[in-house]
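Colleague: Please take one part of this structure and describe it closely, together with the elements around it. I should like a connected account rather than a list.

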Amino acid sequence: MKTHVARLTLITLGGIGKIVWGALLISLCGVHVSAKPVHHYVFFGQDREKIKTDAGFLGTEVFEGAQVAYSWRQLEPQKDQYDFSAIRDDFAFLTSKGKKLFIQLQDVTFSPSRINVPLYLLNEPRYNGGADKQYRVKDHDEEHAVVDGWMMRRWDPAVQERFHKLLFALGKQFDGRIEGINFAETSGGFGESGRLFPKGFSFETYRDAIITNMRALRQAFPKSVVIQYANFMPGEWRSTEDKGYLRAVYKAAQELEVGVGGPDLLPYRPAQLKSSYPLIREVADTVPVGIAVQDGNYGDRDPKTEKPITIPELLKFATEDLKVNYIFWCTEEPYYSEQLIPFLRRIKA
């Protein structure tokens, strides 16, 4: 695990007006001497070409790098034939601009028409299809569940074997060179009754599989930062029925020195506030924490005031409540260009 040394960025401004504005910024951000250093990245997802054309990203010093998502299918187009050229190109470009690369390894989709695992996993019987459908279930009506995407069979030993081989191939080339790598979220939609469960799936086997895959990631990347996005787990709803599945993942993350976090920075949402956020706070002093500000987060509203959340409020919650090391800001407009970039440039000035 990387050691992060706390630092405070001082804002030096001339003139009374600028001094007042600087003080206001400090107050809004909740910056204080004991705060962790926060590493700001832009999340480009699979729109990797934008790292070369986004003037706001390239021209904003506070953005240390880019978080780019690569699918397993993209990286292993044929069995045992890896193609890491996209990662190498992105790494080289970012390095030339003084910025870093954070990989998100994407094994899930949220579209019924897209599957992110290699084709050979779908075709060879021993892999049981390689990926399984996820479902959106409304009011516990599993009979009318809607397909909501696909997930790699994370719990299938045959699929795990191939996935771990990919991890070690990636680690051999990029460990210690890239800033970090993260797995996609633990949340999965397979219903509760068993009617929609894929072959070999249970809540317990899924929990164990998440931990097994985290262990392999840490072994493959002993130098770079590694993070498991752990937000929800199938089979429990922590606010009303905590069965210990998500807590077990966080406990294992501490033991393995794997970072934690998740998609969505939503300070007002009970689901997050009662699920992963308390666990993030518990381990934040022992492992790296990364949180993604994703589409829809910028426009979330305070239920008490009905006002949209502000960038300073998001940053304050991330740093003071969740004690994050990494924030991955999405490029949703107009927030990205009109609010986020001007704000971060001011506090960096």
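Modeller: A residue is called buried here when its relative accessible area is under 20%. The model is predicted, and the part I have chosen is helix α12, which covers residues 335–348.

With that cut-off, the buried residues of α12 are Tyr-336, Leu-340, Ile-341, Phe-343, Leu-344 and Ile-347. The spacing of such a set can be read against helical geometry. An α-helix has 3.6 residues a turn, so residues three or four places apart point the same way. The helix itself consists of 14 residues, and 18 Å separate its first C-alpha from its last. That span is close to the 20 Å expected at 1.5 Å a residue.

The approach to α12 has a feature of its own. The loop between β10 and α12 holds Pro-334, and the peptide bond that joins Glu-333 to Pro-334 is cis, with omega near 5°. Such a bond deserves notice, as most peptide bonds are trans.

Among the neighbours of α12 is helix α11, residues 311–321. The axes of the two helices lie 10 Å apart and cross at an angle of about 65°. On the α11 side, the contact is made by Ile-311, Pro-312 and Leu-315; on the α12 side, Gln-339, Leu-340, Phe-343 and Ile-347 take part. By character, the residues of this contact comprise 6 nonpolar, 1 polar and no charged. Leu-340, Phe-343 and Ile-347 thus appear both in the contact with α11 and among the buried residues of α12.

Helix α11 in turn leads to the strands. It lies across β1 (39–45), β9 and β10, and runs at about 150° to β10. These strands belong to a closed barrel of 8 strands with parallel pairing, in the order β1-β2-β3-β6-β7-β8-β9-β10. From one strand to the next, the twist averages 25°.

Strand β10, residues 326–329, has β9 (residues 289–293) as a parallel partner over 4 bridges. Within this pairing, Val-293 is opposite Trp-329, and Ala-292 has Phe-328 as its bridge partner. Strand β1 is also joined to β10 by 4 bridges, again in the parallel sense, with Tyr-41 opposite Phe-328. Phe-328 is therefore a convenient reference point, as it faces Ala-292 on one hand and Tyr-41 on the other. The side chains of β10 point in two directions: Tyr-326 and Phe-328 one way, Ile-327 and Trp-329 the other. All four of these residues are buried.

Elsewhere in the barrel, strand β7 offers a comparable case. Tyr-229, Ile-227 and Val-225 point one way from β7, while Gln-228 and Val-226 point the other way, and all are buried. Since 5 of the 5 residues of β7 (residues 225–229) are buried, the strand is largely enclosed by the rest of the structure. Strand β6, residues 180–183, runs parallel to β7 and is joined to it by 4 bridges, with Gly-180 opposite Val-225.

Burial also includes a charged residue outside the strands. Asp-90, in helix α4 (residues 85–96), has a relative accessible area of 1% and is buried. Leaving aside residues up to four places away in sequence, Asp-90 touches Arg-48, Ile-51, Val-68 and Tyr-70.

Some loop positions stand in contrast. Asp-139, in the loop between β4 and β5 (146–152), counts as exposed at 65% relative accessibility. Asn-128 lies in the loop between α5 (119–123) and β4 (131–136) and is partly exposed, with a relative accessible area of 28%. Neither residue is a glycine, but Asn-128 has a positive phi of about 55°, as does Asp-139.

The setting for α12 is a protein with 12 helices and 10 strands. Of its 349 residues, 52% are buried. Among contacts between residues at least 6 apart in sequence, 76% join residues at least 24 apart. The accessible surface comes to about 15700 Å², and carbon and sulfur atoms account for 52% of it.

Conventions: Residues are numbered from 1 along each chain as its sequence is written. This is a predicted model: local features need pLDDT of at least 70, side-chain atom pairs count only at pLDDT 80 or more; totals for chains, interfaces and linings use all residues. Side-chain values use heavy atoms; hydrogens and water are left out. The expected span of a helix is 1.5 Å times one less than its number of residues. Buried means under 20% relative accessible area, exposed over 50%, partly exposed in between (1.4 Å probe, protein chains only). Axes are lines fitted to C-alpha atoms, for helices over the stretch in contact, and angles run from 0 to 180 degrees between N-to-C directions. Contact means heavy atoms within 4.5 Å. Ala, Val, Leu, Ile, Met, Phe, Trp, Tyr, Cys and Pro count as nonpolar, Asp, Glu, Lys and Arg as charged, and the others, Gly among them, as polar. Two strands pair if DSSP finds at least two bridges between them. Accessible areas come from the Shrake-Rupley method with a 1.4 Å probe; for residues, only the protein chains shown count as cover.
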